[in-house]
Amino acid sequence: MTATLTAPPAGVTARARRAKRPWARTGALVRLYLRLDRVRIVIWALALGLTVAGIVPALEAAYPDAAARQSRATLMTNPSAVLMSGPSFGLDSYTFGAMVANEVSLTVLVATSIMAILLVVRHTRADEEAGRTEVLRAQPVGRYAPAAAALAAVTVATLAVGATVAAALIGAGLETASALAMGLGTALTGLVFGAVAAVTTQLTAHARAASGLAMAVLGAAFLVRGVGDILHPGGSWLSWFSPLAWAQQARLFVALRWWPLGLSLAATLVLLAVAVSLAQRRDLGAGLLAGRPGPAVAPAALLSPAGVARRLLRGSFGGWGAGLLLLAVAFGALANSLEDAVAGLPDLREWIGAGTALDDLTATFGAAMLSFLVLGVAAFAVSAVLRLRAEEEAGRTELVLASGTSRPGWLAGWLAVVAVQTVVLLVVSGFGLGLGMAVVTGDGGWVGRLAVGALAYLPAVAVVAGLAVALVGLLPRVAALVWVLVAYVVLVTWFGGLLNLPAWARDVSPLARTPYVPVEEVAAGPLAALAAVAVVLVGLGFVGFRRRDLGG
């Protein structure tokens, strides 16, 4: 018997050769990722662009002339202000453009970096952990194509954010060259931390760990830049070890220089080369850092819904707690620098005082800063509630319910943990703010007053989190829309007074119904009304979660 070997068709052979290329089908995956992320990218770009567009007229209203800007310049020399904003250039003759760059740049850089980290991890380690990358690799897709496509998509996202930021600055009438430099610096800084995430996804086998490591690098970069900028006006040698400093060192709207942005591009390329090298040393689905084996028997605490929730949320709770404490102390340390800055600035006085008389400027300042810190607590509460939806989408909720836990019990245990952690964060925020104020004023009574006063915001935060619960229970597919309310509350709290928003627009924010502690006396009526609204929203969430299909 004679066997005849038949060569495969030429088209099949060509496809097989292409599939062996490490970057095969990268373009197709880029289109796929951009389609999946189109809403996220648009939201991030519009949110940051509109934030800049809103801050510029607010600053112009608060500091309408050169004398007012010079008053602000004196505040920018405070170490806490430097830590939270960056090196301040042009303080001797403080132009409006220099003020905008000093006030806005760090916030935009950090936010864009967070976006890049989340998007890179979403399309690399998260897909790999969920098994989607294995399905892709079963097709004629190259080994590096998913990661390359993810980074290409993130490049588009960061460029979109940079473009909207630059457009907002140019639309406000600021210098075009510096506005474009700020947009480019924003995009390149985001790419640096996207490349950092590309490295961390090679180290660990879990998406949350990869995100956590990349966020830790971002936090370290923030602190290194802050300490370096405090050591020397305009930044010291230590500042240059932080990617966040490079875009700010372009000296926007003062003495523009482009070359520091080249450091961001070079760092991105180096980090991507490291990521490729590490990817060659691991198996699909594995990480280079071996995971520590867990105990043979689960602790008794993990046998309850509350125990599971506490275990899953402890990382984010610790991160938010440390961040809010640091931010609160820094805010409080500004208390003794404020009086000179607000002298002769009626618009700024109205913004800080939220319409109240400034008989006690320090107390009014503390009330304003506390209302800002509460926004972070509300963001944590919303993210913790939405984590419940993520557990459901990953299929882990079904496993918990299969063990005999009821749906109401699972939801109640989770929300109980979120409630306790929210209360702790409120107290931590007030404590840190009071501590910072006590250090600079010498009055230790601020610690207790603000730590207790922060609890007045609990009903307002509960309303925001309650809406998230209601959406998770009734309309889980659009639960993320609760972030629209969070963004609106931020806008009203920060700029409601300066933008002259009508009373009804401000009253939509739950925080507007909260007494302005410690300036105003706490009234039970408004707080009880907010608590009732929160209870109704949570009740609707329980009803919906009990009746709907899981994963729906």
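Arginine 389 has a relative accessible area of 7%, so this residue is buried. The model is a predicted one. In it, arginine 389 forms a salt bridge with glutamate 393, and the closest N and O atoms of the pair are 3.5 Å apart. Both residues belong to helix 17, which covers residues 361-393, and they are separated by four residues, about one turn of the helix. The two ends of this bridge sit in contrasting surroundings. Glutamate 393 has a relative accessible area of 57% and is therefore exposed, because the exposed class begins over 50%. Arginine 389, at 7%, is buried because it falls under the 20% limit.

A second bridge links arginine 396 to glutamate 391, with 2.7 Å between the closest N and O atoms. Here the carboxylate partner is the buried one: glutamate 391 has 4% relative accessibility. Arginine 396 counts as partly exposed, with a relative accessible area of 41%. Salt bridges with shared partners also join Arg389, Glu392, Glu393 and Arg548 into one network.

Another pair is found at lower residue numbers. Aspartate 37 forms a salt bridge with arginine 40, the closest N and O atoms lying 3.7 Å apart. Aspartate 37 is buried because its relative accessibility is 2%, while arginine 40 is partly exposed because its value is 37%. The total number of salt bridges comes to nine.

The next topic is empty space inside the model. Rolling a probe the size of a water molecule over the atoms shows where such space is left. A search of the whole structure finds three cavities of 30 Å³ or more. The largest cavity holds about 80 Å³ of space. Its lining consists of Pro87, Phe89, Ala101, Asn102, Ser105, Gln248, Arg251, Leu252 and Val254. Helix 6, residues 96-123, gives the most to this lining, with three residues. Sorted by class, the lining of the largest cavity has five nonpolar, three polar and one charged residues.

The second largest cavity contains about 50 Å³ of space. Ser105, Leu109, Ala181, Met182, Gly185, Thr186, Ala247 and Leu252 line the second largest cavity. Helix 6 and helix 10 (176-203) are the elements that give two or more residues to this lining. The largest share, four residues, comes from helix 10. By class, the lining of the second largest cavity divides into five nonpolar, three polar and no charged residues. Ser105 and Leu252 appear in the linings of both the largest and the second largest cavity.

From the interior the path goes to the surface. Leu474, Leu475, Val478, Leu481, Val484, Val536 and Leu540 make a nonpolar surface patch of about 610 Å². One of these, valine 484, is found in helix 22, residues 482-495. Its relative accessibility is 53%, so valine 484 counts as exposed. Valine 482 is also found in helix 22. In contrast to valine 484, valine 482 counts as buried because its relative accessibility is 0%. Between valine 482 and leucine 467 the C-alpha to C-alpha distance is 6.8 Å, and the two are 15 residues apart in sequence.

How values were computed
Residues numbered from 1 in each chain as written. Predicted model: local features only at pLDDT ≥ 70, side-chain atom pairs only at ≥ 80, totals over all residues. Heavy atoms only, no water. 1 Å grid on protein atoms, 1.4 Å probe; cavity = no way out; pocket = protein on both sides within 12 Å on 5 of 7 lines; lining within 4 Å. Points joined across faces, edges and corners; volume = space filled by probe spheres on them. Nonpolar A, V, L, I, M, F, W, Y, C, P; charged D, E, K, R; others polar. Patch = residues over 30% accessible without salt bridge, like charges linked within 9 Å, V, L, I, M, F, W, Y side chains within 5 Å. Areas by Shrake-Rupley, 256 points an atom, 1.4 Å probe, with all protein chains shown as cover. Salt bridge = Lys/Arg side-chain N within 4 Å of Asp/Glu carboxyl O. Buried < 20%, exposed > 50% of the residue type's maximum accessible area, 1.4 Å probe, protein only.
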